[in-house]
Amino acid sequence: MLPLLLLLLATAHGLETLEYSPTLATLPLGGLKTTSTFVLEQPRCVFNVRDDAVIWLVVAVPKAVPDFNNSVEPGTPERAFQGFPTTAPAYMTLNSTLLHYPCPKRPGDITVLRVGSETSCTRAETRPTCNGPLPGPGPYRVKFLALEGSEPVAETAWSEPITLRTAQSPSSIPTTGSGHSASMIAITSILSILFAILLASLLAMLVLGSDTCGGSSTFSKPEAVTVQRYNTHHVYDQPAARL
């Protein structure tokens, strides 16, 4: 009953519902989905709104989708990233205008959005529209919502559920996946130990060498040498004895 009422209210306010649904990027990018981020295609050639309309990305847990209220403004506690997903089952981020989503795409344009790339504002309550890392693998659903002032004027359909990667625990990482992995680990460990021993030996030799050089550079006072002078006597050859 409540989703139907929300739909009627949206129609009464002139909200345009578009057939476009956000999708993951199709380009061969590295890290299309990580443990805390994912990459979407930009909504190029999708909205037909005024140039000053602000287009927001809405990120929600699946249970918040049926009862999502477009009239709740971004930046409020109900839409703050810092409360997601406990006190805020959805948040709004990556606000932009048609200027940044030109149609058609120009050559060389970057046409993707990375959701969850800001780490500096994760706990900054003054930045409720932070594009912070997602708190878990999900799943999550997203849509784009255009606002003129505080009035919603157009929205896309919700995406399919997006599930992020999960980090492997160290115990689940195989250490013998190939025939050489265990032996390589052993060889690496032995080489590390030998390198440490060699380094310690070199340091010890340097210390001992410096001590030896320091000892040899200290001269003791030479002892006094007494030289005794002798007077020489002339010794004459005696004449041969006469027979």
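Two strands pair if DSSP finds at least two bridges between them. Strands here are DSSP runs of E with at least two residues, numbered from the N terminus. The model is predicted, so to speak of local features we need pLDDT of at least 70, and side-chain atom pairs count only at pLDDT 80 or more, while totals for chains, interfaces and linings use all residues. Residues are numbered from 1 along each chain as its sequence is written, and side-chain values use heavy atoms, with hydrogens and water left out.

**Exercise 1. Find the partner of strand β2 and describe its side chains.**

Step 1. Strand β2 covers residues 38–41. Four bridges join β2 to strand β5, residues 112–115, and the two run antiparallel.

Step 2. Pick out a facing pair: Leu40 is opposite Leu113 in β5.

Step 3. Now look at the directions. Phe38 and Leu40 point one way, Val39 and Glu41 the other way, and all are buried (under 20% relative accessible area, 1.4 Å probe, protein chains only). This is a good place to recall that in a regular strand the side chains alternate between the two faces of the sheet.

**Exercise 2. Work out the strand order of the open sheet, and say why β1 and β4 each have a side without a neighbour in the sheet.**

Step 1. The open sheet has five strands in the order β1-β7-β6-β3-β4, and its pairing is mixed.

Step 2. β1 (16–17) and β4 stand at the edges with a single partner strand each, so one side of each lacks a neighbour in the sheet.

Step 3. Within this order, take β6 (residues 141–148) and β7 (residues 151–155): they run antiparallel and are joined by four bridges. Glu148 stands opposite Glu151 in β7.

**Exercise 3. Describe the surroundings of Ser96 in strand β4.**

Step 1. β4 spans residues 90–96, and Ser96 lies in it.

Step 2. Ser96 counts as buried because its relative accessibility is 12%.

Step 3. The side chains of Ser96 and His100 share a polar contact (a pair of N or O atoms within 3.5 Å, one able to donate a hydrogen and the other to accept it; residues adjacent in sequence count only if both atoms are side-chain atoms) of 3.2 Å.

Step 4. Beyond neighbours within four places in sequence, Ser96 is in contact (heavy atoms within 4.5 Å) with Ala53, Val54, Ile55 and Tyr101.

**Exercise 4. Which side chains form polar contacts with Asn70?**

Step 1. Asn70 is in the loop between β3 (54–60) and β4.

Step 2. The side chain of Asn70 meets that of Lys143 at 2.9 Å and that of Glu155 at 3.1 Å.

Terms used
Buried means under 20% relative accessible area, exposed over 50%, partly exposed in between (1.4 Å probe, protein chains only).
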